[in-house]
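Work through the exercises below with the sequence and the model in view. Try each task before reading its solution.

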2 protein chains.
Amino acid sequence: MTTAPDPEDLTARARIRDAALWHFGEHGYERATIRGIAETAGVSLGLVRHHFGSKQALREACDEHLVRTMHRLHEEAATRPPGGLNPVAMMGPYRRYLARALAEGWAEPFFDEMVRIGERWLAQADESRPDVPDVDPRSRSAVIAAMALSLSVLSKHVERGMGVDLDSVEGQDKLLRALLDVYSHPLMTPEEAAAARAVLDRGHGQQADRRRGE
Amino acid sequence: MTTAPDPEDLTARARIRDAALWHFGEHGYERATIRGIAETAGVSLGLVRHHFGSKQALREACDEHLVRTMHRLHEEAATRPPGGLNPVAMMGPYRRYLARALAEGWAEPFFDEMVRIGERWLAQADESRPDVPDVDPRSRSAVIAAMALSLSVLSKHVERGMGVDLDSVEGQDKLLRALLDVYSHPLMTPEEAAAARAVLDRGHGQQADRRRGE
DNA sequence: CAGGCGACTATACGTGGGTATAGTTTGCTT
DNA sequence: AAGCAAACTATACCCACGTATAGTCGCCTG
């Protein structure tokens with residue numbers, strides 16, 4: 001545990017923020033209450049307001065802290081040998097919060113950062129690729145990012161499906177092995193994909209003149 | 001538009017249920033209000049209670065209806081030539097509701113059904129696979145199901161990343177093309193996966209005695 | 001016509017919880 | 001020592017919203 005230097009040592013403001021991170025992650029924004037957060041942090045209701053102003057602002061502070069922490073971790077990781085990033089185990093205490101935030105439509109900076117990272121990676125990988133992808137790297141990166149994060153966002157369901165606790169070491173291990181298998185085995189052959197694309201192309205022609213957006 | 005035979009023709013109960021589906025999908029369970037649902041359905045607050053008893057029961061009725069509809073669609077699809085299922089465009093009006101429900105931890109039957117379908121598919125595909133997967137089909141299916149659904153659950157972020165509206169025809173088209181590309185190109189080579197697995201195996205030995213759950 | 005029942009409305013109740021304000025303690029500067 | 005600003009508490013306000021109750025209307029059956 002690198003972070004968390006004993007809750008006693010933290011300033012009240014930091015304790016409130018951490019409590020909020022936990023409550024928002026555990027219950028979601030709506031169900032979390034300022035009173036509950038204050039109690040967990042061991043402070044009065046008023047102090048929360050004093051430091052953060054409003055529930056909404058408190059959430060934004062949590063977001064900001066998350067982004068800062070992620071940046072720090074990211075830079076730390078850049079100096080050391082990568083060793084393959086773990087899309088699920090990253091920053092343990094923030095996992096639930098992050099999953100909630102993403103599911104509820106927040107945490108844009110986080111998602112977008114992930115897309116950017118993946119985009120660079122993909123653009124590089126595309127160079128040593130025989131065929132030409134018909135979708136830009138950014139779009140593919142967005143899809144891949146969503147897929148990677150989905151395991152946290154839908155962790156409750158994944159846990160039920162796999163029969164393990166994703167917070168446990170065994171769960172992480174099993175999930176990683178499943179991921180390795182899925183990531184290293186395409187779900188479709190290039191031929192199947194090409195066939196499906198052909199169908200799309202044909203359908204597209206039919207729709208071309210008949211405008212039907214929205 | 002196969003469903004929706006003019007809201008006027010529906011019974012009040014059905015109109016309430018549809019309004020609830022919409023409100024829950026649009027705002028989530030907590031933020032949705034019975035009053036808002038009643039207004040959308042064009043009925044009084046009391047009638048909602050008369051028909052469904054409580055907010056929670058109303059949500060359960062929505063879930064049930066969703067599952068029934070899905071079953072019906074599924075059976076319909078079974079009789080016709082498949083043509084490749086679209087994991088995002090399925091049952092338009094329910095997409096948002098389903099995404100919310102999944103993200104908030106509900107809709108277990110739906111997810112589990114998806115896992116079962118994928119499991120059968122994988123078990124069959126495994127037979128014509130050279131190597132032996134070290135994770136059971138069910139676990140892999142759970143991972144794949146989560147990944148497929150993530151595009152709906154995180155649609156807001158995916159839309160931002162891809163720069164399209166996923167409800168539009170163009171958005172669907174672009175998303176499908178991205179999916180085809182991702183599905184038909186593994187993110188890792190089997191060698192890379194094997195190397196990562198080796199790390200896991202080694203790490204596992206190290207952690208065996210030093211207990212560090214949580 | 002009686003009577004009964006389901007669909008439906010109007011209104012009230014209670015409270016959880018975000019917000020606001022006034023007051024108290026603590027610690028630092030001059 | 002004075003004084004003031006920040007940290008912190010206690011308490012009150014207020015309203016949105018889920019829940020509850022009482023009542024009306026229309027239709028069906030005997």
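Helices (H or I, at least four residues) and strands (E, at least two) are DSSP runs, numbered from the N terminus. The model is predicted: local features need pLDDT of at least 70, side-chain atom pairs count only at pLDDT 80 or more, and totals for chains, interfaces and linings use all residues. Residues are numbered from 1 along each chain as its sequence is written, while chains are lettered from A and ligands numbered from 1 in the order in which they are written.

**Exercise 1.** Describe residues 33–52 of chain A.

Solution. Start with the record: UniProt (unreviewed entry) annotates residues 33–52 of chain A as "DNA-binding region"; such annotations may be inferred rather than shown by experiment. Next, take the backbone: this stretch is 80% helix and 0% strand, with its end C-alpha atoms 14 Å apart.

**Exercise 2.** Which residues come nearest to DNA strand D, and which element supplies the largest share of the surface near the strand?

Solution. A residue is near the strand if its C-beta atom, placed from the backbone, lies within 6 Å of it. Of the 16 residues around strand D, the nearest are Ala12(A), Ser44(A), Gly46(A), Leu47(A) and Ile34(B). Then go by element: α1 (12–31) and α3 (45–52) of chain A, and α2 (34–41) and α3 (45–52) of chain B, each supply at least two residues. The largest share, 4 residues, comes from α3(A).

**Exercise 3.** How many residues does each chain give to the contact between chains A and B, and which helix of chain A gives the most?

Solution. Two residues are in contact if their C-beta atoms, placed from the backbone, lie within 7 Å. Chain A gives 60 residues and chain B gives 60 residues. On the side of chain A that touches chain B, α7(A) gives the most, with 13 residues.
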